[in-house]
Amino acid sequence: MARVHHDVLAVEWIKLELIRTAYATRGGLFAAMDPRAVVVWYILLAIVPWFTHNITVLAGLFAIGVVSIFLARVGPLILGLFVLGMGMEVVYMSIAAWLFGGNIDTVIALAALNLKLGVVALASMAAFVSLDPEKLSDALLAFRAPHMLAFGVSYGYRMLPILIEEFSTVFEGYRLRTAPPAKKGLLGWRVGVQWAQLAVLSFYPIFLNTAKSVRTTVEALETRGFTHGAANANGRRIRMAKLRIRPLDIIVIVVTLFAIAAAFSAGAAWPVYR
């Protein structure tokens, strides 16, 4: 029988979701594409929203972003954080506009800003949950980014599981050595405060352990000639040899361009706040 998990917000589930996101293990449309095409697709959707204030156009671009996150199979944790953050932003800006005497034009302007941020956020989720550290590093090198930047991005992704594991270990250690509050308070607010304090205290040992890991890694890489190999043209050519632009990459970018053009055409037909 399949095991049913009821502790959906457990620390272990969050840790696994972050690792799945960082290493693009869910598959999806963009994971099967060339990383260079994915980066170009992301830049396209991240730049276009800032050239218009038309609500109709931005709504169309937002719909493209929503479709893309489903095609990219974005995990529930990242998607939930996006929905929560977007909802809180809308509530906050609406209250601010009401308190400072805003009118319908203010609300429309805030809606345009939120839609722009939402399009960029959706494109970011769809693109970067589909690129593992190696693919993203290769794409940066293909675009002539400094090799140390490509290595830093790849190394940062690889350090994420270690940081999560270290935080979980240190946090659980503090919990075992700390007595729980004598009274939980209304809705258990004292427990939440204690957990927040323990989370802050857990960062100091993590910084020390991470610094040690970084130093060990750098020394190991330098003894194997990493700096010379990364800057060498032959090494770069070997890494780029596996990259191929295929029909799928071209089709996705062309379809996205047609969808963007359709959004602008709809905005011209039904203009709302130019």
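The axes of helix α3 (residues 55-71) and helix α11 (residues 247-269) approach to within 7 Å and cross at roughly 155°. Because angles over 145 degrees count as roughly antiparallel, α3 is roughly antiparallel to α11. This crossing of α3 and α11 is right-handed. The model is predicted, and its protein chain contains 11 helices and 0 strands.

**Overall composition**

- Read from the N terminus, the order of elements in the protein chain is α-α-α-α-α-α-α-α-α-α-α.
- The protein chain has 274 residues, and buried residues account for 31% of them.

**Helix packing**

- Two packed helices are described by the angle between their axes and by the distance between those axes.
- For the pair formed by α3 and α11, the angle is roughly 155° and the axes come within 7 Å.
- The handedness of the α3 and α11 crossing is right-handed.

**Salt bridges**

- Searching the whole structure yields 2 salt bridges.
- One salt bridge joins Arg36 to Asp34, with 3.0 Å between the closest N and O atoms.
- Within this pair, Asp34 is buried at a relative accessible area of 4%, whereas Arg36 is partly exposed at 22%.
- Asp34 falls in the buried class because its relative accessible area of 4% is under the 20% limit.
- Another salt bridge links Glu172 with Arg175, and here the closest N and O atoms lie 3.7 Å apart.
- Helix α7 (residues 147-177) holds both Glu172 and Arg175, which are 3 residues apart, or about one turn of the helix.
- Glu172 is partly exposed, with 31% relative accessibility, and Arg175 is likewise partly exposed, with 35%.

**Helix α4 and the nonpolar surface patch**

- A nonpolar patch on the surface is formed by Val91, Ile95, Trp98, Leu99 and Phe100, whose accessible area together is about 650 Å².
- One of these patch residues, Trp98, is located in helix α4 (residues 76-99).
- Trp98 has a relative accessible area of 67% and is therefore exposed, the limit for that class being over 50%.
- Helix α4 also contains Ser94, which is partly exposed at 41% relative accessibility.
- Between the C-alpha atoms of Ser94 and Leu110 the separation is 7.9 Å, while the two residues are 16 residues apart along the chain.

**Loop residues**

- Arg73 occupies the loop between α3 and α4.
- The phi angle of Arg73 is near 60°, which is a positive value in a residue other than glycine.
- With 51% relative accessibility, Arg73 counts as exposed, because the exposed class covers values over 50%.
- Lys242 sits in the loop between α10 (233-240) and α11, and its relative accessibility of 54% places it in the exposed class.
- Although Lys242 and Asp138 are 104 residues apart along the chain, their C-alpha atoms are separated by 9.5 Å.

Terms used: Residues are numbered from 1 along each chain as its sequence is written. This is a predicted model: local features need pLDDT of at least 70, side-chain atom pairs count only at pLDDT 80 or more; totals for chains, interfaces and linings use all residues. Side-chain values use heavy atoms; hydrogens and water are left out. Patches are made of residues with over 30% relative accessible area and no salt bridge: like charges are joined within 9 Å, nonpolar side chains (Val, Leu, Ile, Met, Phe, Trp, Tyr) within 5 Å. Accessible areas come from the Shrake-Rupley method with a 1.4 Å probe; for residues, only the protein chains shown count as cover. A salt bridge is a side-chain nitrogen of Lys or Arg within 4 Å of a carboxyl oxygen of Asp or Glu. Helices (H or I, at least four residues) and strands (E, at least two) are DSSP runs, numbered from the N terminus. Buried means under 20% relative accessible area, exposed over 50%, partly exposed in between (1.4 Å probe, protein chains only). Axes are lines fitted to C-alpha atoms, for helices over the stretch in contact, and angles run from 0 to 180 degrees between N-to-C directions. Angles under 35 degrees count as roughly parallel, over 145 as roughly antiparallel, 65 to 115 as roughly perpendicular and the rest as oblique. A crossing is left-handed if the near helix is turned anticlockwise from the far one by less than a right angle, and right-handed if clockwise.
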